[in-house]
Amino acid sequence: MKSSDALLAAWQRILGRAKDSPAILNTHGEVVRKFSEIDARAHDFESKIETFKAGSVIAIQIGNHEDWASILIACLRRRLVVLPLEQSISDQQRDAALEICAAKVLVSAVPSGNSPTVFRLKTADATANWGEHSPSLLKLTSGTTAAPRAIRFRSEQLLADCNQICDTMGISDVDLNFGVIPISHSYGFSNLLTPLIARGVPMVLSSDRLPRAVLADLAGTNATVFPGMPVFYQAFCEMADIPVLPKLRLCISAGAPLVTAVAQQFRQKFGLPIHSFYGASECGGICYDRDAQNMEDGFVGQPMKDVVIEMVDPPAPESRIRVRSAAVGDGYFPDSDEAKLGGALFVPDDLLNKTANGFRIVGRISDVINVAGKKVNPAEVEAHLLRFSGVRQAVVFGRASTLRNEEVAACVVALPGVSVTEVELLEFCRRELSAWQVPKRVFIVDAIPLTERGKISRRDLAGRFAKSQERSPLR
């Protein structure tokens, strides 16, 4: 019987033609799930959730577990709403998300057992009134405050994002995805999980995020596609005694801007280009550098297949964009923001510059620093700091100031073996930048801290380097 759910219908087609084929492998190259075994375990899991009403929220916090696909399929069949949770979030963040989304169940991976465990939560008996379009998935995100909120997606939108990614990037069922990015994150969900279910793209699942182990497993499993992050590629470039990657053909970078110098070093060392991929939790993929030009920092290429991009503030060189596609979510939950997300349209906070070759990310509205009424784009100050000989990485952020609302500060990482001082960098900035753009402090650090998603949080840096903490906590 044909399912009315878009993802389930696609799954039935995959199951019909590939049921005995390998679907999920471990990092030793061993098959841990065939497609038929994923389906069998989905039916087993259904028995554990059959008492919950359609529309109930089921939170999944199991890391990159081989039962992810089975649990998602089971929830789609029972018309339950899946809420992926990353393992790295604190208990406080998890509890806040469970409460805001009114989750009825938490599915958690227990170290002592192979199968995830279902924990019934003490929440209200009532199920959320989803209205005309009940979601299949809630993607957790944060808005302008630290409070979590979710984005509503139906199966049709998840399938549209999967199709846009596979068609744009040329990924098919003859490939083997390497899954080290978290499935619970939008990037991993759309580049690993839905291609498996809807396109029959098998994957290797890894929970070892050490770059040396990732590189060894990429070689040992003969993976052909690596959805990665800049932090991995930079680490790969710095390694000695690297393995041969005979089967790897497609390297994707998302989650944070890819530095051009890293892309060039990687190409020289491994003979492979890196394709920048720009997307957002609210709408899936937005842009992709098909030619891997790596022309300049922040370049993300052209719009994805079936994605339309409009400049919000033309003819300004830096503008927000409107993203239109069938993959855009229905809206935020519990509080909507229709001006930003809704009606198949999403307006990111990023500032982009449109060039003849594609789009380039130049900053974010939320990152703009307000120095006594004057606006400072941190990307401009970062670009200047990177021109100083010996500077490898620079991140600029605003920190609270009693007299000026905010003041500019920066974290700088020097090249190995190079000595860079704060005094030198401040003098370098004063020579060419406007007075309000010059950082008040430059902190020389060994490394910029990253989130699990491989991103830099300017908000986190502002907290770490508040005026009350004049010594770097990272040294």
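**Loops, helix packing and backbone geometry in a predicted model**

Pro202 sits in the loop that runs between α6 (186-199) and β10 (203-205). The structure is a predicted model. With a relative accessibility of 12%, Pro202 counts as buried, because the cut-off for that class is under 20%. Apart from residues within four places in sequence, the contacts of Pro202 are Pro22, Ala23, Asp173, Asp175, Leu176, Asn177 and Leu196. Leu80 is not on that list of contacts; 122 residues separate Pro202 and Leu80 along the chain, and their C-alpha atoms are 25 Å apart.

The helix before this loop, α6, holds Ser190. Ser190 has a relative accessibility of 5% and is therefore classed as buried. Leaving out neighbours up to four places away in sequence, Ser190 is in contact with Lys139, Asp161, Ile165 and Pro195.

Asp175 and Leu176, both in contact with Pro202, also touch Thr224. Thr224 belongs to the loop between α7 (211-221) and β11 (225-228). Its relative accessible area is 12%, so Thr224 is buried. A polar atom of the Thr224 side chain lies 2.8 Å from the backbone nitrogen of Leu176. Beyond Asp175 and Leu176, the residues that Thr224 touches include Lys247, Leu248, Arg249 and Leu250, with residues up to four places away in sequence not counted.

A comparable set of descriptors is available for Ser319, which lies in the loop between β16 (308-311) and β17 (321-324). Ser319 has 0% relative accessibility and so counts as buried. Its side chain places a polar atom 2.8 Å from the backbone nitrogen of Asp313. Asp313 is also one of the contacts of Ser319 outside the four-place window, together with Met311, Val312, Asp350, Leu351 and Leu352. Ala292 is 27 residues from Ser319 in sequence, with a C-alpha to C-alpha distance of 23 Å.

The loop between β16 and β17 also contains Pro315. The peptide bond from Pro314 to Pro315 is cis, its omega being near 0 degrees. Another cis peptide bond joins Phe333 to Pro334, here with omega near 10 degrees. Pro334 is located in the loop between β18 (331-333) and β19 (341-342).

Two residues call for attention on account of phi. Arg79, although not a glycine, has a positive phi of about 60 degrees. Arg79 is part of the loop between α3 (68-77) and β4 (81-84), and at 60% relative accessibility it counts as exposed. Ala102 is likewise not a glycine and has a positive phi, of about 50 degrees. The loop that holds Ala102 runs between α4 (91-100) and β5 (103-108). With a relative accessibility of 30%, Ala102 is classed as partly exposed.

Helix packing can be followed at α1 (residues 6-18) and α2 (residues 35-49), whose axes come within 9 Å and cross at roughly 130 degrees. This crossing makes α1 oblique to α2. From α1, the contact involves Trp11, Gln12, Ile14, Leu15 and Ala18, and from α2 it involves Phe35, Ser36, Ile38 and Asp39. By class, the residues of this contact between α1 and α2 are six nonpolar, two polar and one charged.

Helix α10 (residues 378-386) has Pro378, Val381, Glu382, His384 and Leu385 as its buried residues. Viewed along the axis of α10, these buried residues fall within an arc of 160 degrees, so they line one face of the helix. The elements that cover them include the strands β23 (369-371), β24 (374-376), β25 (391-401) and β26 (405-414), as well as the helices α11 (422-432) and α12 (458-464). At the start of α10, Asn377 has a side-chain oxygen that comes within 3.0 Å of the backbone nitrogen of Ala379.

Conventions: Residues numbered from 1 in each chain as written. Predicted model: local features only at pLDDT ≥ 70, side-chain atom pairs only at ≥ 80, totals over all residues. Heavy atoms only, no water. Helix = DSSP H or I, 4+ residues; strand = E, 2+ residues; numbered from the N terminus. Buried < 20%, exposed > 50% of the residue type's maximum accessible area, 1.4 Å probe, protein only. Polar contact = N/O pair within 3.5 Å; in protein donor to acceptor, adjacent residues only side chain to side chain. Contact = heavy atoms within 4.5 Å. Arc of directions from axis to C-beta. Axes fitted to C-alpha atoms, helices over the stretch in contact; angles between N-to-C directions. Parallel < 35°, antiparallel > 145°, perpendicular 65-115°, else oblique. Nonpolar A, V, L, I, M, F, W, Y, C, P; charged D, E, K, R; others polar.
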